[in-house]
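User: I would like to go through this model and hear what stands behind each label. Please give the cut-off whenever a term comes up.

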Amino acid sequence: MNIIKKPIITEKMTIQTEKFNRYAFVVSKSANKFDIKSSIEKIFSVQVKSINTILLKGKVKRFKGVLGRRPNTKKAIVTLAPGNTIDLSVGV
């Protein structure tokens, strides 16, 4: 099962990374905090301090006059222990 799907690289998360050593990832909807923590530590070889998860509801959108809905997604904000960093530009 792929727990970590992709990193979220936005202006807001870049500021969070610089000030608070936090990184955001889109994760599997069935993943819990323990799964996310073990995956991040295994993939990036870092020590995770805490994890916050958010379930984002999909927006209702109109496409060519037909109502549709974007899928629900789950986001994890990972705070790393001091001295640890993740280089997200390597995979891009």
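User: Which residues are exposed on the other side of H2, across from its buried ones?

Analyst: Phe34 and Lys42 are exposed there. Exposed means over 50% relative accessible area, buried under 20% and partly exposed in between, with a 1.4 Å probe and protein chains only. This is a predicted model, where local features need pLDDT of at least 70 and side-chain atom pairs pLDDT 80 or more, while totals for chains, interfaces and linings use all residues. Residues are numbered from 1 along each chain as its sequence is written, and side-chain values use heavy atoms, without hydrogens or water.

User: What makes the buried residues of H2 one side of the helix?

Analyst: The buried residues of H2 are Ile36, Ser39 and Ile40. They span an arc of only 100° around the axis, so they sit on the same side of H2. The arc is taken over the directions from the helix axis to the C-beta atoms. Residues three or four places apart point the same way because an α-helix has 3.6 residues a turn. In H2, the buried residues pack against strand S1 (4–8), S2, S3 and S6.

User: How do you know that the span of H2 is close to the expected one?

Analyst: H2 has 12 residues, and its first and last C-alpha atoms are 16 Å apart, close to the 16 Å expected. The expected span is 1.5 Å times one less than the number of residues. H2 itself is a DSSP run: helices are H or I with at least four residues, strands are E with at least two, and both are numbered from the N terminus.

User: What makes the largest nonpolar core a core, and which members touch the most others?

Analyst: A nonpolar core is a set of buried Ala, Val, Leu, Ile, Met, Phe, Trp, Tyr and Cys residues joined through side-chain atoms within 4.5 Å. The largest one has 15 residues, and Ile4, Phe25, Ile36, Ile40, Val78, Leu80 and Ile86 touch the most other members. Two or more residues come from each of strand S2 (22–27), helix H2 (33–44), strand S3 (48–56) and strand S6 (73–80). Beyond its neighbours within four places in sequence, Ile40 is in contact (heavy atoms within 4.5 Å) with Ile4, Phe25, Ser45, Val46, Val48, Val78 and Ile86.

User: Why are S1 and S3 called edge strands?

Analyst: The open sheet of four strands has the order S1-S2-S6-S3, paired antiparallel. S1 and S3 each pair on one side only, and these are the edge strands. A pair requires at least two bridges found by DSSP. S2 and S6 are joined in the antiparallel sense by six bridges, one of them between Ala24 and Ile77 in S6.

User: How are the helices placed on this sheet?

Analyst: Helix H1 (residues 11–20) lies across S1, S2 and S6, at about 135° to S2. H2 lies across S1, S2, S3 and S6, at about 125° to S3. These angles run from 0 to 180 degrees between N-to-C directions, with axes fitted to C-alpha atoms, for helices over the stretch in contact.

User: What makes S4 and S5 a pair?

Analyst: Strand S4 (residues 60–63) and strand S5 (residues 66–69) run antiparallel and are joined by four bridges. Set against the minimum of two, they therefore count as paired. Lys61 has Gly68 in S5 as its bridge partner. S4 and S5 form a hairpin with two residues between them.

User: Where do positive phi values turn up outside glycine?

Analyst: Ser45 has a phi near 55° and lies in the loop between H2 and S3. Lys64 has a positive phi of about 55° although it is not a glycine, and Lys64 lies in the loop between S4 and S5. Ser45 counts as exposed because its relative accessibility is 62%. Lys64, at 76%, is exposed too.

User: Why is Thr73 called partly exposed, and why is Asn84 called buried?

Analyst: Thr73 has a relative accessible area of 31%, so it is partly exposed. Thr73 lies in strand S6 and touches Ile54, Leu55 and Leu56, leaving out residues up to four places away. Asn84 has 17%, so it is buried. Asn84 lies in the segment after S6 and, beyond neighbours within four places in sequence, is in contact with Asn21, Val46 and Gln47.
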